[in-house]
Amino acid sequence: MLNIILMGPPGAGKGTQAVKLERAFKLPHISTGDMFREEISSGSELGNQVKAIIEKGDLVPDELTVAIVKARLSKDDCAAGYILDGFPRTIPQAEALEKMGEEIGRKVGLVINISAPDEELVRRIGGRRVCPKCGASYNVVSMKPRKEGICDRCGSPLIQRKDDNEASFKVRLANYYKSTAPLLSFYKGKGLLHDFDGMVGSDKLFEELRTLLNVSE
Ligand code: ADP
Ligand code: ZN
């Protein structure tokens with residue numbers, strides 16, 4: 001059973017790897033960022049509650065975030081494993097995940113941490129374009145789609161996220177160091193942490209992750 005968390009600062013490449021892993025290992029890709037963005041575009045009450053927070057780059061309150069993850073992880077398609085991307089992002093979220101993992105029998109088995117230097121993260125976020133439909137991520141400089149502005153995977157028009165601007169990015173990075181980075185020692189202490197260099201290129205990184213998961217499966 002592959003119960004995986006992907007960790008790393010914004011722009012490290014979590015989403016890109018999650019999409020590849022989802023396909024290769026047939027595991028559901030659970031991105032809290034994507035889930036919130038769907039709520040926003042559907043105009044739901046939750047979406048309206050979190051819209052301004054997300055656009056600024058701030059973190060959504062733990063209770064709201066934990067509730068959507070718990071509902072999602074409880075679904076049948078997570079029985080054989082899951083890829084959590086963007087959750088947990090705070091110590092209380094990690095503690096809630098421990099608790100729900102026990103309750104529903106879906107405990108975290110592996111934490112993959114992808115790192116990259118801040119200057120690189122800023123560059124990547126500035127050029128990032130995403131597919132609002134399937135969640136695939138591209139970069140106008142370094143990871144172009146085959147056809148400009150169109151998703152390779154599903155053919156939808158690509159967009160630039162509202163929080164992929166310099167001001168929001170600064171807030172996201174500061175939140176990462178303050179609230180999320182402490183989780184690395186939390187998971188290291190549990191013997192679950194595996195570190196990867198996000199600078200090696202997305203294909204090479206994927207091969208490294210595939211090797212790790214093949215031996216863990
Ligand atoms: P990135 O990893 O590129 O910063 P995500 O798509 O994972 O972006 O998340 C986008 C935004 O959604 C975050 O900046 C935050 O506002 C909100 N969000 C996503 N996951 C969480 C979480 N676990 N806790 C709180 N807020 C979250
Ligand atoms: Zn797409």
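User: Is Cys154 buried, partly exposed or exposed in this model?

Analyst: Good place to start! Keep in mind that this is a predicted model. A residue counts as buried under 20% relative accessible area and as exposed over 50%. Cys154 has 33% relative accessibility, so Cys154 is partly exposed.

User: Which residues coordinate the zinc ion (ligand 2)?

Analyst: Look for SG atoms at 2.3 to 2.4 Å from the zinc ion. In sequence, the donor residues follow the spacing C-x2-C-x16-C-x2-C. The residues that coordinate the zinc ion are Cys131, Cys134, Cys151 and Cys154.

User: What geometry does the site of the zinc ion (ligand 2) have?

Analyst: Let's check the angles. Four donors count as tetrahedral if all angles lie between 85 and 135 degrees. Here the 4 donor atoms make angles of 98 to 118 degrees, and the site is tetrahedral.

User: How many residues apart are Cys134 and Cys154?

Analyst: Both help to coordinate the zinc ion, and this pair links distant parts of the chain. Cys134 sits in the loop between strands S5 and S6, while Cys154 is in the loop between S6 and helix H7. Their separation is 20 residues.

User: Which nitrogen or oxygen atom of ligand 1 lies 2.8 Å from a polar side-chain atom of Gln93?

Analyst: Gln93 is among the residues that come nearest to ligand 1. The protein contact at 2.8 Å pairs a polar side-chain atom of Gln93 with a nitrogen atom of ligand 1.

User: Which helix gives the largest share of the shell around ligand 1?

Analyst: The shell divides into 6 nonpolar, 5 polar and 8 charged residues. The largest share, 4 residues, comes from helix H2.

Note on methods. Residues are numbered from 1 along each chain as its sequence is written. Chains are lettered from A and ligands numbered from 1 in the order in which they are written. This is a predicted model: local features need pLDDT of at least 70, side-chain atom pairs count only at pLDDT 80 or more; totals for chains, interfaces and linings use all residues. Side-chain values use heavy atoms; hydrogens and water are left out. A residue is near a molecule or strand if one of its heavy atoms lies within 4 Å of it. A polar contact is a pair of N or O atoms within 3.5 Å; within protein, one must be able to donate a hydrogen and the other to accept it, and residues adjacent in sequence count only if both atoms are side-chain atoms. Helices (H or I, at least four residues) and strands (E, at least two) are DSSP runs, numbered from the N terminus. Ala, Val, Leu, Ile, Met, Phe, Trp, Tyr, Cys and Pro count as nonpolar, Asp, Glu, Lys and Arg as charged, and the others, Gly among them, as polar. Donors are N, O and S atoms within 2.8 Å of the metal (3.2 Å for Na, K and Ca); water is not among the atoms, so sites may look incomplete. Four donors count as tetrahedral if all angles lie between 85 and 135 degrees; four count as square planar and six as octahedral if opposite donors are over 155 degrees apart and all others between 65 and 115; anything else is irregular. Buried means under 20% relative accessible area, exposed over 50%, partly exposed in between (1.4 Å probe, protein chains only).
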